[in-house]
Amino acid sequence: MKKIILIKISCITAALFLIAFSNCNGPHHIIKPTVMIDSSRGLKDYYNNYFTIGVAVSPRALKTDEATLILQQFAGMTPENAMKMGPIHPKENEYFWRDADSIAGFAKRNNLKLRGHTLCWHNQTPAWLFKDATGNQVTKEVLLQRLKDHITTVVKRYKGTVYAWDVVNEAISDKKDEYLRNSLWLKIAGEDYIAKTFQYAHEADPGALLFYNDYNEISPVKREKIFRLVKSLKDAGVPIHGVGLQAHWAVNEPTRSQLDSTLQRFVELGLKIHVTELDISVYPKEHDSRERRPEDAVTAFTPAKEQGQLEVYKMCFELFRKYRRHISAVTFWNISDRYSWLDNFPVSNRKDYPLLFDKDLKPKKAFWEVVKF
Ligand code: GLA
């Protein structure tokens, strides 16, 4: 009797095993493990052994239901705007700490890894920065001293909380035949400003990881310029630990081979790679702003858009996993489709759906593709 019961139990177990691990629709009934998806786990749990999954946030989001989603899904955060020079240092002798402090406090209380963003950028700079009291452009010496004071104050304040900084953002030109962006930083201080920015950051917090961060990294022309800059900094002994790939992508780019060769190229730097601002627009990428057209009025998240987007997300994460030894963080540029900067770019007022959670904070189909591996 005991024997019969035991045999029965073994048969039931074997049957359950076969149901769980077989794919009877496959050719010749090949037994293939089914990926088990556990909906109580967040992105950060699925990717625990791969890289830190982060998210860009505003201080406002931390006071809404999005805060719960952040804690469920993410292991890292980046302030979307709060640590940029304009918002955090509006006047020469005045800092505005409230927003950045509230994000840093949230990260600290909840054990999230915080990336600082960003110390030197041509955009969102405060009005006083490049001018003296009489309204004339400052000299190189004055500008570099201001930069040093800024970096020393901000980096020291968040020492121990911010583990990695986007030190210089977008210094490379988008023009085919131009190497560095012709920004006021370059015009006033010369190419030197880039290495100096890294040095000042390193002096303020020798323990922080320092990154050069840029977009359009998948374009072969821009990619080589970013490579050249980062390599020259590394070869000159400048304290730089990695390259940040913004990854503002779309349904039509990058292709698999484009992304593979991009990641392969940056691996050759021998530095860390962080994907810093990932989002995938449901509209084909247009590289220049333009006027709104009648067809832009069609803005619903259609099944076709959903399918196109999930294929790109799936492919990107397949490649991120392939390069897991080199990629140590992947950060999304915002939490959910409730709000994204892409809603206003390149065509104003066109709703985009670039993230893995919908406006009700529910995981989209693309989410399930990203965690299925
Ligand atoms: C760049 C910057 C980010 C952000 C986006 C647009 O990628 O690095 O801080 O401003 O543009 O939102």
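Trainee: How do the residues lining the largest pocket divide by class?

Mentor: Start with the classes. Ala, Val, Leu, Ile, Met, Phe, Trp, Tyr, Cys and Pro count as nonpolar; Asp, Glu, Lys and Arg count as charged; the others, Gly among them, count as polar. Here the lining of the largest pocket has nine nonpolar, 11 polar and 11 charged residues.

Trainee: What should I know about the model before I go on?

Mentor: This is a predicted model: local features need pLDDT of at least 70, side-chain atom pairs count only at pLDDT 80 or more, and totals for chains, interfaces and linings use all residues. Residues are numbered from 1 along each chain as its sequence is written, and side-chain values use heavy atoms, with hydrogens and water left out.

Trainee: What is a pocket, and what is a cavity?

Mentor: Both are found on a 1 Å grid over the protein atoms alone. A cavity is a set of points where a 1.4 Å probe fits but cannot get out. A pocket is an open set with protein on both sides within 12 Å along at least five of seven lines. Lining residues have an atom within 4 Å of a point. Grid points are joined across faces, edges and corners, and a volume is the space filled by probe spheres set on the points. In this model the largest pocket has a volume of about 680 Å³. Its lining holds 31 residues, with E170, Y215, Q246, H248 and W341 nearest the centre.

Trainee: What volume does the second largest pocket have, and which residues lie nearest its centre?

Mentor: The volume is about 180 Å³. The lining has 15 residues, and L69, Q72, Q73, L361 and P363 lie nearest the centre. Elements giving two or more residues to that lining are α3 (66-73) and α12 (365-370). The largest share, four residues, comes from α3. By class, the lining has six nonpolar, six polar and three charged residues.

Trainee: Where do labels such as α3 come from?

Mentor: From DSSP runs, numbered from the N terminus: helices are H or I with at least four residues, strands are E with at least two. For example, K196 lies in helix α8 (residues 192-204). Its C-alpha atom is 9.0 Å from that of L147, 49 residues apart along the chain.

Trainee: How many cavities of 30 Å³ or more are there?

Mentor: The count is three. The second largest cavity holds about 50 Å³. C120, W121, H122, V168, N169, E170, A171, R181, S183, W185 and Y193 line it. By class, that is six nonpolar, three polar and two charged residues.

Trainee: Take A171 from that lining. Is A171 buried or exposed?

Mentor: Cut-offs first: buried means under 20% relative accessible area, exposed over 50%, partly exposed in between (1.4 Å probe, protein chains only). A171 has 1% relative accessibility, so A171 is buried. K196 is at 26%, so K196 is partly exposed. A171 sits in the loop between β4 (162-169) and α7 (184-189). The C-alpha atoms of A171 and C120 are 9.0 Å apart, across 51 residues of chain.

Trainee: Which residues does A171 touch?

Mentor: Contact means heavy atoms within 4.5 Å. Leaving out residues up to four places away in sequence, A171 touches L180, R181, Y193, I194, Y212 and D214.

Trainee: Which side chain makes a polar contact with R115?

Mentor: A polar contact is a pair of N or O atoms within 3.5 Å; within protein, one must be able to donate a hydrogen and the other to accept it, and residues adjacent in sequence count only if both atoms are side-chain atoms. The side chain of R115 pairs with that of D166 at 2.8 Å. R115 lies in strand β3 (residues 113-120). At 2% relative accessible area, R115 counts as buried.

Trainee: How many disulfides are there?

Mentor: A disulfide is a pair of cysteine sulfur atoms within 2.5 Å. The count here is zero. C120 is buried at 1%, and C316 is buried at 0%.

Trainee: Where are the cis peptide bonds?

Mentor: Read omega. One cis bond joins H117 and T118, with omega about 0°. T118 lies in strand β3. Another joins E253 and P254, with omega about 10°. P254 is in the loop between β7 (248-250) and α10 (256-267).

Trainee: Which phi values should I check?

Mentor: Look for positive phi in residues other than glycine. N111 has phi near 60°, and A247 has phi near 65°. N111 is in the loop between α5 (98-109) and β3. A247 is in the loop between β6 (242-245) and β7. N111 is exposed at 69%, whereas A247 is buried at 0%.
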